[in-house]
Amino acid sequence: MTPVRWKIFLLCMMLGLANGPLHAQFFDTDAVVSESLESRYQDNEGVNWEEHIEEIQDRLESPIELNTATRQELEQLPFLSDIQIEHILAYIYRHEGIASYGELLLIDDIDVNTERLLRVFTTVDLSKRAEKTRFPSARNIFRHGRHELQGRVDIPFYKRKGYLTGKYLGRPFYQSMRYRFHYGDYLQFGVTAEKDAGEPFFALHDRKGYDYYSPYLMLQRWGRLRTLAVGNYRLCFGQGLVLGQGFYLGKGYDLDMMEMRSSGIRKHSSTDEYNYFRGVAAAVSLTDALTLSAFYSNRSMSGTVKSDTITSIYKSGLYRTESEAGKRGAFRMQAYGGNLTYDHNHLKLGLTAIRYTMNRYYSPTLKGYAKYNLHGAEFFNAGMDYKLRYGKFSVQGEGAVGTKGFALLNHVHYRLSHRYHFMLLHRFYRYDYWALFAQTFSDGSSVQNENGWYVAADMNPFAHWRFFLGVDFVSYPWWKYRISRPSQSWDITSQMSYTPVPHCTMLLNYRYKCRDRDVSGTSGQEIQPTYYHRLRYRMTNDWGVVRLQTTFDYNNFRQLGFEAGQGYRVSEQVSLAPRRWPVSLVLQGNYFHTDNYDSRVYIYEKSLLNTLSVSSFQGRGFRASVFVRVDLGSHYVVIARYGHTFYQDRDEIGSGNDLIEQSEKADLQLQFRIKY
């Protein structure tokens, strides 16, 4: 490092180390999953994580009443394990409810950290226990239900090449609107509308205004009718080998958050324009232990069609140019199926099936690593899942078949106590397994072409200390992207966290990945292993009114026979939330310096409601952001977020239609929410 870079690094380290003891908690809305989301985002940059953030936001806005909670409701909290949920429900049953949060510490496997999180995501009211089985009257629903209106606009202070040349057909502003009515989880309905930057508004191919609308209605817990969804919805059953559109983070630094939660039928209210169904779905309790779910979906899909044949499926949801607009609604997909689940005591069994058809033949380019990818017009998947808990052991898994191939996933959890938690997982996904709606534990973003073993330990052996270690060894029976032969990889994740005083945390995590890759320019004739190292140090100190967070990241990427590329970033975040003021403020400054794309760094920033802000940076420069939230009583919220990036090693940013002919760019995001 040059002297200037050392000064920047030392300054940020001193800011973090200067923080003193903490006496209150400044709770960030997505702090529960931010570290895991950052980790998964790096592996799957194309995934829309909005649904995951929205699940957490919903729970914060509508806390679960512990004394009336069902197991399905508590499973929506990602930090709770199956054993913890079982112990909470058993305690409530034996003692006819919980009178205060202090009682939670009397429950097996509930530690101080879990108790603090439960204070945020739940409520405690003994008087409500008698209402547990009563569905509210229509009069109460519409008298006491809550309306919510939310709007957002993003304003860029720069011009991309696509606007200057006329390629982009609309204005450079992003807009979205959301309306929602809900009475707890009993009844929810609403609509989400969105227009991406560059898309027309009430013009050309978007004469209906917003280019995307997501209407939904969801009814729950009405007698034997467990769930009814009309409009847009998502499905998740078993371990996700057939249908996996639920909340799932995958590999991270917390074993409890790595479990696939079978959420069944859920509303789809996000701006994700690809990963959802449209139609009707219902779940009925045949008995106390047996639940039958069925669904039907018929929706348009975007893609490229040539000679009445689909050559590609378009997933981005961007329709800014004439070429992109021509892909919109190019074909239709019809899907139907169901699930039968038996869930009693410590045993859970499930059967899931789906059949889906396209009104045109799907024939993508099938060569190289894509040789065995999905193609055709009619497809099906069927799977059987199980879950068994015996003492401190929990065993679960699923086997699935499809039009082509099959997939297997099995894992065992051993929870010695709340201090020691272990997991062993094996999966085998054939290279020709076709499952368009699957999402589960994998090394990449698809459930295909993997045979892997994963072992992990989450340990808290000493007061104030916590350790995590995960090792994933994977072999790929067929080629992968940029790997022109069967190959193998190692992925090691580790983290050590230290809490010297309440509400003060320091963590150090390290990740190592080793996998083969084609040498650039050799057309796959030469393959050499690559080695990726990522190191992060983070200190968070929180006085309640003030929170300071210092982060230092270092990345090193090397392919055998070539010079290594390095990258680092130093970040300081200051959060202010005066107790008597309706204003909260988050300031963040970052300095980054990377040698190339492979050594790029990722920066997480405080973002708007129901959104995730993680961006990658390469090169050398600064990134600063300001987040301001104003709560006007309990009904109105106004949020503004301003970000500015300065590059020191270039005169232009991006390429193609997204090219910005200057070395800096700035954006302003505005959001409001009205609740009544």
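**Entry 1: salt bridges**

I count a salt bridge when a side-chain nitrogen of Lys or Arg lies within 4 Å of a carboxyl oxygen of Asp or Glu. With that in hand I opened this predicted model and looked up R623 and E605. Their side chains meet in a salt bridge, at 3.0 Å from N to O. R623 sits in strand β29 (residues 620-632) and E605 in strand β27 (residues 601-605), so the pair ties together parts that are 18 residues apart in sequence.

Are these two partners buried or exposed? R623 has 10% relative accessibility and counts as buried. E605 is buried as well, with a relative accessible area of 3%.

I then asked how many salt bridges the structure holds. The answer is 28. As a reminder to myself, side chains of opposite charge can pair when their charged atoms come close.

**Entry 2: bridges across the sequence**

Next I looked up D472, which forms a salt bridge with K251; the closest N and O atoms are 2.9 Å apart. D472 belongs to strand β20 (residues 465-476), while K251 is in the loop between β7 (225-236) and β8 (264-267), so this pair ties together parts that are 221 residues apart in sequence. I noted that both D472 and K251 are buried.

My other stop was D658, in a salt bridge with R320, where the closest N and O atoms are 3.8 Å apart. D658 is in the loop between β30 (636-647) and β31 (664-675), and R320 is in the loop between β12 (309-313) and α9 (322-325), so the pair ties together parts that are 338 residues apart in sequence. Here the partners do not share a label: D658 is partly exposed at 29% relative accessibility, whereas R320 is buried with a relative accessible area of 14%.

Which residues do salt bridges with shared partners join into one network? I found K251, R427, D443, E450, D472, D491, R511 and R515. The pair of K251 and D472 from above belongs to this network.

**Entry 3: the nonpolar cores**

I turned to the interior. The largest nonpolar core has 48 residues, and L243 and I354 touch the most other members. For I354 I wrote down the contacts, leaving aside residues up to four places away in sequence: V242, L243, F277, F295, A335, Y336, G337, F379, F380, N381 and F437. Apart from this core lies another, of 23 residues, with A69, I92, L104 and F247 among them.

**Entry 4: strands around β13**

I354 led me to its strand, β14, where I354 stands opposite G337. Twelve bridges join β13 to β14, and the two run antiparallel. They form a hairpin with two residues between them, and N345 in the turn has a positive phi of about 55°.

Which other strand did I look up beside β13? Strand β10 (residues 290-301) is joined to β13 by twelve bridges, and these two also run antiparallel. In this pairing N298 stands opposite Q334 in β13.

**Entry 5: a nonpolar patch outside**

On the surface I found a nonpolar patch of about 780 Å², made by V284, L286, L292, L340, Y342, L347, L349, L351, M384 and L388. The elements that give two or more residues to the patch are β13 (331-344), β14 (347-362) and β15 (376-390). Strand β14 supplies the largest share, three residues. I picked L388 for a further check: it is found in strand β15 and is partly exposed, with a relative accessible area of 41%.

**Entry 6: two positive phi values**

Back in the loops, I looked up D308, in the loop between β11 (303-306) and β12. Its phi is near 60°, a positive value in a residue other than glycine. D308 counts as exposed because its relative accessibility is 53%, and exposed means over 50%.

N610 is in the loop between β27 and β28 (613-617). Its phi is near 65°, again positive in a residue other than glycine. Is N610 buried or exposed? N610 is buried, with a relative accessible area of 7%.

**Entry 7: one more residue, Q220**

I finished with Q220, whose place is in strand β6 (residues 212-222). Why does Q220 count as buried? Its relative accessibility is 12%, and buried means under 20%. Not counting residues up to four places away in sequence, Q220 touches F135, D185, Y186, Q188, L225, R226, T227 and R266.

Definitions and conventions. Residues are numbered from 1 along each chain as its sequence is written. This is a predicted model: local features need pLDDT of at least 70, side-chain atom pairs count only at pLDDT 80 or more; totals for chains, interfaces and linings use all residues. Side-chain values use heavy atoms; hydrogens and water are left out. Helices (H or I, at least four residues) and strands (E, at least two) are DSSP runs, numbered from the N terminus. Buried means under 20% relative accessible area, exposed over 50%, partly exposed in between (1.4 Å probe, protein chains only). Contact means heavy atoms within 4.5 Å. A nonpolar core is a set of buried Ala, Val, Leu, Ile, Met, Phe, Trp, Tyr and Cys residues joined through side-chain atoms within 4.5 Å. Patches are made of residues with over 30% relative accessible area and no salt bridge: like charges are joined within 9 Å, nonpolar side chains (Val, Leu, Ile, Met, Phe, Trp, Tyr) within 5 Å. Accessible areas come from the Shrake-Rupley method with a 1.4 Å probe; for residues, only the protein chains shown count as cover. Two strands pair if DSSP finds at least two bridges between them.
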